[in-house]
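Okay, thanks for coming, everyone. I'll put the structure up on the screen and then walk you through a few spots in it.

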Amino acid sequence: MNNYIALIDCNNFYASCERVFNPKLKNKPIVVLSNNDGCIIARSNEAKNLGIKMGEPLFKCKSIIKSNKVNIFSSNYTLYADMSNRVMNIIKDQFLNTEIYSIDEAFISFNGKSINDIEDKFVNLRRKIYKWTGIPVSIGISSTKTLAKVANKIAKKESGVFFISSHDSKEKILKELPIGSVWGIGRKLEQRFLAMGILNAYQLSKMDNKNIRKITNINILRTAMELNGVNCIDIDTSPISKKQITTSRAFSKNITELKYLEEAVSLYVSRAAEKLRFQKSKCYIITVALSTNRFDRQNIHKFLLNSHSFNSSTNSTSKLISAAKKILKNIYQSGLFYKKAYVFLSGLENSESKQYTFSDDIMMIKKDDNLMKTFDKINKSFGSDTIKYANTGISRDWFMKREKKSNRYTTNWNEILKINLKNN
């Protein structure tokens with residue numbers, strides 16, 4: 001029995017999520033926009049073939065979009081996150097050693113004998129994911145994480161499942177993979193390797209380890225060793241807790257009034273507190289910041305911030321909102337046009353091993369913890385914002401611009417897919 005690594009990657013994930021609930025979009029070009037509908041952050045293959053680039057501002061490619069009737073969607077992160085959970089749960093049901101690498105990627109470690117049996121197993125998994133969720137995936141399989149990444153690139157272009165095994169085929173594949181396409185190599189490092197005559201992944205794999213260490217870091221040395229089949233990057237089944245949690249958004253329009261800023265900051269605190277509780281943490285410090293539009297040439301750019309330290313760590317949304325509003329009042333300057341707000345939670349500790357002080361009201365802390373558990377349970381069962389703090393606003397006119405957002409089909413009862421049956 002040999003140990004293998006597989007990378008399961010959702011194809012054009014955001015665009016695929018939009019297609020699941022709108023079959024008319026099949027084989028049609030799709031782009032998904034960033035916050036405030038500014039830049040393109042996802043494209044279907046059809047949109048890529050039209051020459052639409054990743055990260056390109058929407059206004060720069062409006063002519064291509066209009067002439068080719070490209071379907072435009074605002075980012076719908078609530079839908080994408082739920083669809084991701086569905087895909088990942090299918091994978092975790094079949095494989096114990098699963099690392100959720102990103103919203104649309106998962107590594108798995110498994111033992112196998114026959115290559116044909118392994119390929120058949122993953123072909124069936126791919127069909128199952130598509131049947132149960134409507135999301136197409138590509139699966140790359142090999143002996144290391146880095147080679148699984150390489151195999152996945154080929155799987156996307158071919159049958160959907162690709163196995164890198166034999167020495168001869170691996171050498172040919174690595175020679176055809178440009179150095180800039182190797183996992184972990186960015187643009188600056190790519191230019192450095194190209195200047196040295198290292199043009200592809202095969203040449204990197206044949207470099208002397210000491211030379212690699214002289215020109216770059218240990219991570220690239222591990223990458224080179226993995227290209228040679230030496231397993232250096234383990235599967236991480238336990239996600240690492242963040243050391244700081246940040247929530248920030250640009251507003252759909254400039255804000256001058258304090259009351260609207262309070263609504264925005266309260267909402268961002270709520271989102272950050274949810275993330276804090278999700279990773280079972282509490283924080284000692286909250287920081288709030290305001291920023292004017294840095295692209296406004298008529299006014300001087302200002303970035304205002306301040307922090308508050310708690311005597312005892314907390315993940316209570318109400319306590320965090322109360323502290324955030326006090327900070328906001330201290331940093332707010334009238335007469336400015338604010339474009340963005342930030343909330344930072346730091347000084348994190350594990351909530352299950354919280355250090356108490358003599359001044360702590362243990363009963364009140366437990367009461368807050370139970371309230372937040374109930375709060376999160378309701379929103380998880382019935383959809384985000386089913387229950388929310390009044391401080392976060394009702395109309396939210398300042399909220400980011402998302403004019404072309406699809407419905408939250410899987411998490412909101414009011415936006416569930418409706419089918420009309422007509423009698424002939």
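Let's jump straight in with a charged pair: the side chains of Asp369 and Lys282 meet in a salt bridge, at 3.1 Å from N to O. Those two come from distant parts of the chain, with Asp369 sitting in helix H14 and Lys282 in strand E10 (residues 281-292), 87 residues apart. And Lys282 counts as buried, at 3% relative accessibility.

Before I go on, please keep in mind that this is a predicted model.

So, the overall picture. The protein has 424 residues, and 44% of them count as buried. Its secondary structure comes to 14 helices and 12 strands. If you take the C-alpha trace along its principal axes, the span is about 70 × 65 × 50 Å. Here's another number for you: take the contacts between residues at least 6 apart in sequence, and 67% of those join residues at least 24 apart.

Back to charges. How many salt bridges does the structure hold? The count is 13. One of them joins the side chains of Lys149 and Glu105, at 2.9 Å from N to O. Lys149 lies in helix H6 and Glu105 in strand E6, so this pair ties together parts that are 44 residues apart in sequence. Both ends are tucked away: Lys149 is buried with a relative accessible area of 16%, and Glu105 is buried with 11%. Then there's Glu415, which forms a salt bridge with Arg408, where the closest N and O atoms are 2.8 Å apart. Glu415 counts as buried too, at 16% relative accessibility.

Now for a charged residue with no such partner. Look at Lys354, in the loop between strand E12 (338-350) and helix H14 (362-382). Lys354 is buried and yet has no salt bridge. Why doesn't it get one with Glu349, the nearest side chain of opposite charge? Well, Glu349 is 4.2 Å away, and a salt bridge needs the nitrogen and the carboxyl oxygen within 4 Å, so the pair doesn't count. What does the side chain of Lys354 reach, then? It gets to the backbone oxygen of Ser313, at 3.0 Å. Leaving aside neighbours within four places in sequence, Lys354 is in contact with Lys282, Ser312, Ser313, Glu349, Asp360 and Ile365. You'll recognise Lys282 there, the partner of Asp369 from the start.

Let's flip to the other side of that pair. Glu349 is found in strand E12. Glu349 is likewise buried without a salt bridge, and its nearest side chain of opposite charge is Lys354. Not counting residues up to four places away in sequence, Glu349 touches several residues, among them Lys280, Lys282, Tyr284 and Ser313.

Lys280 deserves a stop of its own. It lies in the loop between helix H12 (258-278) and E10, and it's partly exposed, with a relative accessible area of 46%. Its phi is near 55 degrees, a positive value in a residue other than glycine. As background, most residues other than glycine have a negative phi. Asn12 is a similar case, with a positive phi of about 40 degrees although it is not a glycine. You'll find Asn12 in the loop between E1 and helix H1 (13-20).

Next, the sheet. Here 5 strands form an open sheet, in the order E5-E6-E1-E7-E8, with mixed pairing. Strand E5 (98-102) and strand E8 (161-163) are the edges, each pairing on one side only. Neighbouring strands are turned by 20 degrees against each other on average, ignoring direction. Zooming in, strand E7 (residues 137-142) and E8 pair in the parallel sense over 3 bridges, and Gly140 stands opposite Phe162 in E8.

Two helices pack on this sheet. Helix H5 (residues 115-133) touches strand E1 (2-10), strand E6 (105-112), E7 and E8, and its direction makes about 160 degrees with that of E7. Helix H6 (residues 145-157) touches E1, E5, E6, E7 and E8, and its direction makes about 140 degrees with that of E7.

Last stop, a hairpin. Strand E2 (residues 30-33) and strand E3 (residues 40-43) pair in the antiparallel sense over 3 bridges, with Leu33 opposite Ile40 in E3. There are 6 residues between the two strands, and Asn36 in the turn has a positive phi of about 65 degrees.

That's my tour, thanks!

Methods:
Residues are numbered from 1 along each chain as its sequence is written. This is a predicted model: local features need pLDDT of at least 70, side-chain atom pairs count only at pLDDT 80 or more; totals for chains, interfaces and linings use all residues. Side-chain values use heavy atoms; hydrogens and water are left out. Helices (H or I, at least four residues) and strands (E, at least two) are DSSP runs, numbered from the N terminus. Buried means under 20% relative accessible area, exposed over 50%, partly exposed in between (1.4 Å probe, protein chains only). Lys and Arg count as positive and Asp and Glu as negative; His and the chain ends are not counted. A polar contact is a pair of N or O atoms within 3.5 Å; within protein, one must be able to donate a hydrogen and the other to accept it, and residues adjacent in sequence count only if both atoms are side-chain atoms. Contact means heavy atoms within 4.5 Å. Two strands pair if DSSP finds at least two bridges between them. Axes are lines fitted to C-alpha atoms, for helices over the stretch in contact, and angles run from 0 to 180 degrees between N-to-C directions.
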